[in-house]
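Trainee: Could you take one part of this model and go through it slowly with me? I'd like to know what sits where and what touches what.

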Amino acid sequence: LTLLRRRTHHTRTHTNTYKMMQTNTFSQRVHVSSCSQLRVNRRSPCAASAGSATRACARKPRCVFQPNSTQQCEHKQQQKMMMMMIINDKSKIKESTKRIAVCSATTAAAADAADASGENAAVVNTIKAIFGAGGFALPWAFAQGGTVLVTACLLSSLVLSMETLRMLVAAQDVVVSNNTASESDVSTYAGLTKVALGAFGENLNKTLNVVTCFGITVSYLLFISETAVAMFPAATAATITKVQAVSAITPLVLGLSWIRNMAGVNIISLVGTCSVALGMLVCAVSAATKISMPASLAAIPVANVAAFPGFFGTVAFLFFIHFTLFGIQQGMPQKEKFLGAASKAFVLSAIVGGLFGIICAVGFGPNVSSVVITMLEGPIGVFVKGLLCVNLLFTFPIMAQSALVVCESVFTNNDPAKELAKLPALIVRSAFVLFAALCATLIPNFGAVLGYVGGVCCCAMTLVLPPVILDKCSKKAGQALSSADKLKIPALTLIGVVCMILSVVL
């Protein structure tokens, strides 16, 4: 009996000890698991792994958990689900990071490629050439010609301009690729015209260039003088005549025309472009606040064909600027990107110009000024007008430089190696500006000047000459034209001649 009692006691003691060991072991396991879960919740999945959390809890217990068997199973299932979610999140984060990195690299590569080719700079410079003082006459054009008719003319001018620009670039390529002329020979509009049409073509191109720049000079004088007068109080402005206003501006323009070295003027021109954008924005916002539908829209005609000679040149003036684009092309490291850059600038300018013209025409009504910025009132109006006048004054030397150089070359027998002496050059430049000032005092408004200049000279340089130049260059190079170009060349030439006639006769 004694031996039996000792064995039973020993067995119970051993069993209890074994149970206590199991309980302690299970408590430690649960303790580690729950602590690991807490650390996963408190820290980012990317910051520490489950193993590091387990080691941390093993060193310093932070919680004790005594579950039953059901709780243990549920806890293990939750822990497995959480670890799977963490693994999935890590995979998604890695995948998203890779996608973002690929997209960023692609975008950066495209931007770097555009900058290296000069495409971005060409887009900006082309928009600068399109939008200048002439953009502020668009509301007047819409108010005169009507919303539908002027919009149709705007889109037509856009399409025709892009097509004739393509023809000029194609003419350059065909004569250079066939060794008919060098790249330097066709780097300017006058040079390309000389290759295609000889000395007669070169002289014709230069004449049209001078007349165009002369008309722009007249419009600058009118624009700046009218804008400056609008800065004064209404009572004072009513006493200032056009002759007095133009006479006050002329000495400033005269002095600027004497600048023969263009170094540093481009920076001022950039500031002028920013002021033009600011002026258009302020005008559009001011006009939008005055719109009262449908009465405001009904006040503007849908189509007024009789006003075509007045407004067509204003619209055409935006895109008929091919004589200014050769310099932008030559400034690009990759000249083959020029046509694409110019097309982007043309389309963007058409959208902005059309919206600006319609909003201001509807907002300010049929009596909108030919220089819409003069409709602005208050301190912000005075500030924008003054800034625009100053910057357009300093933009004038860049705009008129090509025409002034052509005028000087008349007295050097068109020899590019010779430069006219200083005193004769100043006399020629002064005569150019003074004659423009005289015309500015005789012409009724700013929009009419753009109408005749854009309708005649710009039509000739943009619609008539490019098809003829492509045809002549292809024949000289011995390369056959495509079937499409054979149809387009006579059609575009005819359209150009008709537009020139209609802009004067109607």
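Mentor: Let's begin with one helix and then follow its links outward.

A word on the ground rules: this is a predicted model, so local features need pLDDT of at least 70 and side-chain atom pairs count only at pLDDT 80 or more, while totals for chains, interfaces and linings use all residues. Residues are numbered from 1 along each chain as its sequence is written, and side-chain values use heavy atoms, with hydrogens and water left out.

Our starting point is helix α6, which covers residues 147–177. Helices here are DSSP runs of H or I with at least four residues, numbered from the N terminus. Find R166 and look for its partners. One is E163, and the two form a salt bridge with their closest N and O atoms 2.6 Å apart. By salt bridge I mean a side-chain nitrogen of Lys or Arg within 4 Å of a carboxyl oxygen of Asp or Glu. Why do these two get to meet? R166 and E163 are 3 residues apart in α6, so about one helical turn separates them.

Now look at the other partner. R166 also meets D485 in a salt bridge, again at 2.6 Å from N to O. This one reaches across the chain: R166 is in α6 but D485 is in helix α18 (residues 483–505), so the pair ties together parts that are 319 residues apart in sequence. In general, side chains of opposite charge can pair when their charged atoms come close. The linking goes further too, with E163, R166, D485 and K488 joined in a network of salt bridges. Across the model, the rule gives 8 salt bridges.

How covered up are these residues? Call a residue buried if its relative accessible area is under 20%, exposed if over 50%, and partly exposed in between (1.4 Å probe, protein chains only). R166 comes out partly exposed at 25%. E163 is buried at 17%, and D485 is buried as well, at 10%.

For another pair to hold beside this one, try D471 and K475, whose closest N and O atoms are 3.4 Å apart in their salt bridge. They sit 4 residues apart in helix α17 (residues 446–477), so about one helical turn lies between them. K475 is exposed, at 58%.

Back in α6, find S157. S157 is buried, with just 2% relative accessible area. Leaving out residues up to four places away in sequence, S157 touches F312, V315, A316, F319 and F320, where contact means heavy atoms within 4.5 Å.

F320 is also on the contact list of L463, so let's hop over there next. L463 lies in α17 and is buried at 0%. With residues up to four places away left out, its contacts include L160, T164, L492 and G496. The C-alpha atoms of L463 and A491 are 9.9 Å apart, though their positions lie 28 residues apart along the chain.

C458 is on L463's list as well, and C458 points us to V211: the two are 247 residues apart in sequence, yet 9.6 Å apart in space, C-alpha to C-alpha. V211 belongs to helix α7 and is partly exposed, at 39%.

On the way from α6 to α7, you pass N179 in the loop between them. N179 is exposed at 71%, and its phi is near 60°, a positive value in a residue other than glycine. Most residues other than glycine have a negative phi.

Last stop: α7 (residues 189–230) packs against helix α13 (residues 322–330) at an angle of about 115°, with the axes 11 Å apart. The axes are lines fitted to C-alpha atoms over the stretch in contact, and angles run from 0 to 180 degrees between N-to-C directions. On the α7 side, Y189, L192, N209, T212 and C213 make the contact, while α13 brings H322, F323 and F326. Sorted by type, the residues of this contact are 5 nonpolar, 3 polar and no charged. The sorting counts Ala, Val, Leu, Ile, Met, Phe, Trp, Tyr, Cys and Pro as nonpolar, Asp, Glu, Lys and Arg as charged, and the others, Gly among them, as polar.

Definitions and conventions: Helices (H or I, at least four residues) and strands (E, at least two) are DSSP runs, numbered from the N terminus.
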